[in-house]
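Hi everyone, thanks for making time for this. I'd like to walk you through a structure that is new to most of you, so please pull it up and follow along.

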Amino acid sequence: MQVRQYFLFGLTTLVFGFTGQSSFAFSVTGQTQPNNAQYSLTFYSNSYFTGYLDTFGIQELKPPDIKKNDFLKILRDTFPAKDGWIFQSAQNDLDSNFNVELYSPFFAPWPNPITGQNQLSLGANIAVRHVDKNGVEIPVENKFHWIQQVRSTRGSVGQSNFNYTVFDRNFIDIPYNPKQDNPFYDLIQVPGLKATGSYFQDGPRVFELENSHLWLATLYLVELENPSANFQDPKQEKRVTIHNGISWGWQNTSNPQPPQPTQTFSGTLTAGFNENQHQINGLTPGNYFYAWTKNDLPSNQCNPNTYLTTYNNNSSWDDDDSSLVGDGFASALAGIVADDGTINLSVRAANPGGRGEDSGNYELYATVYDSKSAPPEIIVGSSGGGGVVLPRPRPGGTQQNPILPTSSSSGGWQIFNNVPGCRWYDPHTTYGFEFQALENTLFTEILDFPVGQDNRFTVSVADTILGEFSPGERLNFVSLFGAGVTNFRITDIGSLIGNTKETAFPIQLAFNQQVGSFQMRAIEETPSPKEIPEPKAIVGLFMLGGWGIFQWRKIQQQKDKEP
């Protein structure tokens, strides 16, 4: 049994047998279909969360392609040829079957290897028996082993969509501390592990129930040509033939819910350093409380990035971006009622002056617990201390942590699907890129340009250049065109902003609605756009040519500087 940073993997055994020549097709029988379960759990005393846990359908795998296969790449990187390891694919399929006797999700207590205490966990159990065509178990042979590759991702709270090409972890499923000297799971030296060679079982689980998770496994039968080889001797050749296998895995989506509020407030933030204060009085001193904001209200075009704190004599921790409601930029905190029986809460913009982030409407909720029902899970420290719950930093708040594309399509387009408006987005490009709105989305404004070595960027709509813009400037399409636009380009990007693809060239945009969808693609340098007649709403403006654009930008800059 292995303990990993995110997962606890159960005991795993597998049996394989085959004949040298294949006369019958390899197949997987039994419980191969996907399954699902729904769960709920009391959370923070009066609050709770619900979730879904799904197993993926088991797929048959042929011997892997030697030239292009992620399993082989990870295997060869972990056990390289310089150490004597040679991996090759079988020429024929097995003439036997894998019978899946058990494959189901679970939600149950289990000893946490870190704390030693029984703790609720979730995951999936699987049991597979290797049988001949008549369903009879195939005897064990010592030269056969099995190798499992695991790819896993720990998602954020409430996440349901995962990128199935990028993972947090991608590794051969063996102990790494210290690293095992061979890739065979059935040779793991763990008390209680009984690998018989004809039966496989596994039960990976997680204890972080507030997070969503993705767990995928690729499992193969392998044959070691020299069973007596010394694994630690790099001069001894250890040739391994990989036969058929299976893929399996599971995913869970947790949806936390906040507690029932004791009191609710409404407020509006205006630009700059505006701060709203809210008070609850007549409470029992020393009781715990939990407060949170909701910022994605129908009245907002741009949802404010709220920052929630306490003032005067309340004990708490300041917090940002951990509310269980809102668009990911709402706040929550826990604290203790002051000696005068009050809770004093302050709401302001997390990034004062940040365009699109510092104004808008919000709701503030608070729940007060009596001394018997105080939820210790949310309190960090003892008396006089408060705590931050479920830290959930979300991308999009700064150019250093932008929202990345959710998928890609043909034509080089990278797609941002249902992303919050007025945030930072980062397509991957060098010279320039083109934005194209999807569905009912319109681009209403470029709120800001990134700060870096390159500080002049050219913006164009259709074949008309609108001018050059710098960090700290904004471009309002509605002021120019009378409405938002569906397409625009940014070019003349001389150098990338950050050192990684996540910060290469972020841009802050506003939509005609709170949530929008769009796609973008990198573009190569082309001849300068030609001016053509524009719609009636702006034809007069562009007849003035470059002088008109210059005067308009000068006026806009003066307005931005006005208090």
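Let me start with a question: which residues does L509 touch, not counting residues up to four places away in sequence? Keep that in mind while I set the scene, and we'll come back to L509 shortly.

First, please remember that this is a predicted model. The protein chain has an average pLDDT of 76, and 73% of the residues score at least 70. There are stretches where the score drops. In residues 374-393 the pLDDT is below 50, although this stretch still has 54 contacts in the model beyond near neighbours in sequence. Residues 529-550 also have a pLDDT below 50, with 22 contacts of that kind. Where pLDDT is low, the predicted coordinates should not be read in detail.

Now the overall picture. The protein chain has four helices and 34 strands. Of its 563 residues, 52% are buried. If you take the contacts between residues at least 6 apart in sequence, 77% of them join residues at least 24 apart.

Back to L509, then. Its partners are G421, C422, R423, Y425, F435, F443, E445, I446, L447, F488 and F518, leaving out residues up to four places away in sequence. L509 also belongs to the largest nonpolar core, which has 29 residues. Along with F443, I446, F477, F488 and I490, L509 is one of the members that touch the most others in that core. There is a second, separate core as well, with 28 residues, including F144, W146, Y185 and I188.

You may have noticed C422 among the partners of L509. That brings us to the disulfide, and the structure holds one. Which two cysteines does the disulfide join? They are C302 and C422, with an S to S distance of 1.7 Å. The angle about the S-S bond is -55°, and the link is left-handed. The two ends come from distant parts of the chain, 120 residues apart. C302 sits in the loop between strand 18 (288-294) and strand 19 (306-310), while C422 sits in the loop between strand 25 (414-420) and strand 26 (423-425). Are these cysteines buried or exposed? C302 has 16% relative accessibility, so it counts as buried. C422 is buried too, because its relative accessible area is 0%.

Next, have a look at helix 1, residues 70-78. Its buried residues are F71, L72, I74, L75 and T78. Where do they sit around the axis? They cover an arc of only 165°, so they lie on the same side of helix 1. At the N-terminal end, N69 acts as the cap, with a side-chain oxygen 2.9 Å from the backbone nitrogen of F71.

Two other asparagines are worth finding on your screens. N252 is in strand 15, residues 238-257. With a relative accessible area of 0%, N252 is buried. What does its side chain reach? One partner is the backbone oxygen of N211, at 3.2 Å, and another is the backbone nitrogen of H213, at 2.8 Å. The other asparagine is N476, in strand 31, residues 475-476. Its side chain reaches the backbone nitrogen of V478 at 2.9 Å. A polar atom of the N476 side chain also lies 3.0 Å from the backbone nitrogen of S479.

Finally, two places where separate parts of the chain meet. T262 is in the loop between strand 15 and strand 16 (263-269). At 49% relative accessibility, T262 counts as partly exposed, because exposed means over 50%. T262 and T367 are 105 residues apart along the chain, yet their C-alpha atoms are separated by 4.6 Å. Setting aside residues up to four places away in sequence, T262 touches A366, T367 and V368.

The other place is A338, in the loop between strand 21 (332-336) and strand 22 (343-349). A338 has 3% relative accessibility and so counts as buried. Its C-alpha atom is 5.4 Å from that of P285, and the two residues are 53 apart along the chain.

That's the tour. Thanks for listening, and I'm happy to go back to any part of it.

Conventions. Residues numbered from 1 in each chain as written. Predicted model: local features only at pLDDT ≥ 70, side-chain atom pairs only at ≥ 80, totals over all residues. Heavy atoms only, no water. pLDDT = per-residue confidence, 0-100. Contact = heavy atoms within 4.5 Å. Disulfide = S-S within 2.5 Å. Buried < 20%, exposed > 50% of the residue type's maximum accessible area, 1.4 Å probe, protein only. Core = buried A, V, L, I, M, F, W, Y, C linked by side-chain atoms within 4.5 Å. Polar contact = N/O pair within 3.5 Å; in protein donor to acceptor, adjacent residues only side chain to side chain. Arc of directions from axis to C-beta.
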